[in-house]
Structures are given as C-alpha cells and as structure tokens.
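Work through these short exercises with the model at hand. Try each task before you read its solution.

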Amino acid sequence: TAAKSVDYTWCKPWVIDGGFGVTTPRHILAMLKIVYEEGQKRVEVLHRYDKQKILELPPEVRPKPLLVVMDEVQQTFTYTEEPKSLPKDHPLRQEAIEYNTNIASIKSVLQKIAAEMRFAGIRVLLATQMAQANTGISVPLKMTLPNRLLLGANPGRTARGHAFSSPDSVPEVPDWVRDDKGASRGCGTAELEGRPSCVFKG
C-alpha cells in the first residue's frame with residue numbers, strides 16, 4: 001500500500017528506477033515483468049560465458065543482486081468482487097475483471113521469478129500476516145521460498161504450520177525470553193536453507 005511504503009524510505013538509494021512504492025495491481029505487474037525480463041537478460045549473459053551462476057561471471061559483467069520486496073502480500077493478492085448483476089460490458093464490471101486479471105498475473109509472474117531466477121541473482125522477499133492459501137500464499141509459491149521467518153515470541157501452532165514446511169523441527173522461543181517483555185521484543189523463529197532452524201532477535 002502507499003501508506004506502508006514509508007516504512008521503506010531508507011531503501012530508496014538502492015531501488016531501481018520506478019521500483020519504489022509500487023502499489024496498484026497494474027503497476028505491480030509491470031514492475032514484476034521488468035524484473036523477470038532482467039532475469040532473462042542475465043540468463044543470456046550466463047549462456048554467453050558458459051556459467052551457471054552470476055557469482056561465476058567476471059566482475060566486469062556480473063550484475064548486482066536484485067531483491068523484490070512485497071509487504072502486506074495478503075492485501076495485494078486479494079481479488080475484488082465482480083458485480084455480476086451488471087452487464088458484462090459495464091465499466092464497473094470491466095474494472096473488476098481487469099483488477100482480478102492483474103492479481104492473477106502478479107501471482108503467476110512472482111512465482112516464476114521465485115522459481116526460476118535465484119541462480120541469476122534475483123530473490124523474492126514476501127511479508128504477510130498469514131501465509132496461507134486463503135490469503136493468496138499458495139503451496140506452490142511457498143515451495144519456491146526456502147527461507148521462512150515467523151515474527152513473534154509466542155506464535156500459535158496454526159501460525160507455525162502455515163509459516164514453516166517442517167514446524168516441529170523449528171525451535172520455539174525459550175520461556176525465559178518469551179516471558180520477558182524487553183527480551184522478547186523483536187524475537188522470532190526461522191527455517192533457513194542449508195542451516196539449522198533457529199530463534200532470532202531483530
């Protein structure tokens with residue numbers, strides 16, 4: 001949302017042109033397509049140099065890492081109600097159809113970026129209150145995101161189940177931290193690729 005973008009003003013010096021504060025579905029989709037096209041260009045460079053990862057490229061042609069950050073994902077992924085009582089060519093119904101088409105396309109392109117572009121140095125960071133299918137975070141999308149962080153010192157079993165692929169193997173915040181309001185502030189748990197799950201404090 002436009003209001004949430006103020007949380008990221010400190011990032012502006014590192015944001016690509018047109019990439020900050022993108023809020024409408026049409027603009028989000030356009031930006032994701034730009035990122036995906038950038039990934040395709042990087043793939044061409046990798047083929048040209050016969051390399052498998054951007055870190056293997058010579059420094060003079062190696063592209064910088066690119067991170068797509070999407071906050072309040074459940075809001076972004078929410079379809080609008082189509083007023084089906086109106087004629088199909090009515091402007092309000094057409095607007096709803098276009099909106100929902102863009103949402104579906106956003107999910108598709110985002111999943112392609114997450115699944116196909118990691119080796120090209122493009123990563124995706126999604127933030128949501130609830131990482132579950134009915135908020136738009138599908139199982140296939142979750143499977144492309146190997147690193148999962150759950151904020152909060154005492155999340156319920158349901159939240160852990162939605163956040164982690166193997167919730168029983170992720171440790172819980174210790175009682176002595178959870179019961180201390182100061183110590184528990186900023187705590188969370190993490191399931192990380194290539195390393196043990198852990199408790200962290202921001």
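**Exercise 1. A surface patch**

Task: find which residues form a nonpolar patch on the surface, and state the accessible area they have together.

Solution. This is a predicted model. Step one: look for nonpolar side chains at the surface. Leu67, Val69 and Leu125 form such a patch. Step two: take their area. Together the three have about 250 Å² of accessible area. Step three: place one of the members. Leu67 lies in strand E1, which covers residues 66-70.

**Exercise 2. The setting of Ser184**

Task: decide whether Ser184 is buried or exposed, and list what Ser184 is in contact with, leaving aside neighbours within four places in sequence.

Solution. Step one: locate the residue. Ser184 belongs to helix H7, residues 181-184. Step two: check the accessibility. Buried means under 20% relative accessible area. Ser184 has 15% relative accessibility, so it counts as buried. Step three: follow the side chain. It reaches the backbone oxygen of Lys181 at 3.4 Å. Step four: set aside the neighbours within four places in sequence. Ser184 is then in contact with Ala153, Val177 and Arg178.

**Exercise 3. Cysteines and disulfides**

Task: state how many disulfides a search of the whole structure finds, and explain why Cys198 has no bond to its closest cysteine sulfur.

Solution. Step one: search the whole structure. The result is zero disulfides. Step two: apply the cut-off. A disulfide needs two cysteine sulfur atoms within 2.5 Å. Step three: test Cys198. Its closest cysteine sulfur is in Cys187, 11 Å away, which is too far for a bond. Step four: compare the surroundings of two cysteines. Cys198 counts as partly exposed, because its relative accessibility is 26%. Cys11 is buried, with a relative accessible area of 17%.

**Exercise 4. The whole protein**

Task: count the helices and strands, give their pattern along the sequence, and describe the overall extent of the protein.

Solution. Step one: count the elements. The protein has seven helices and five strands. Step two: read along the sequence. The pattern is α-β-α-α-β-α-β-α-α-α-β-β. Step three: box the C-alpha atoms along the principal axes. They fill roughly 60 × 55 × 30 Å. Step four: turn to burial and surface. Of the 202 residues, 32% are buried. The accessible surface comes to about 13,000 Å², and carbon and sulfur atoms hold 55% of that. Step five: look at the contacts with a separation of 6 or more. Residues 24 or more positions apart account for 56% of them.

Key
Residues are numbered from 1 along each chain as its sequence is written. This is a predicted model: local features need pLDDT of at least 70, side-chain atom pairs count only at pLDDT 80 or more; totals for chains, interfaces and linings use all residues. Side-chain values use heavy atoms; hydrogens and water are left out. Patches are made of residues with over 30% relative accessible area and no salt bridge: like charges are joined within 9 Å, nonpolar side chains (Val, Leu, Ile, Met, Phe, Trp, Tyr) within 5 Å. Accessible areas come from the Shrake-Rupley method with a 1.4 Å probe; for residues, only the protein chains shown count as cover. A salt bridge is a side-chain nitrogen of Lys or Arg within 4 Å of a carboxyl oxygen of Asp or Glu. Helices (H or I, at least four residues) and strands (E, at least two) are DSSP runs, numbered from the N terminus. Buried means under 20% relative accessible area, exposed over 50%, partly exposed in between (1.4 Å probe, protein chains only). A polar contact is a pair of N or O atoms within 3.5 Å; within protein, one must be able to donate a hydrogen and the other to accept it, and residues adjacent in sequence count only if both atoms are side-chain atoms. Contact means heavy atoms within 4.5 Å.
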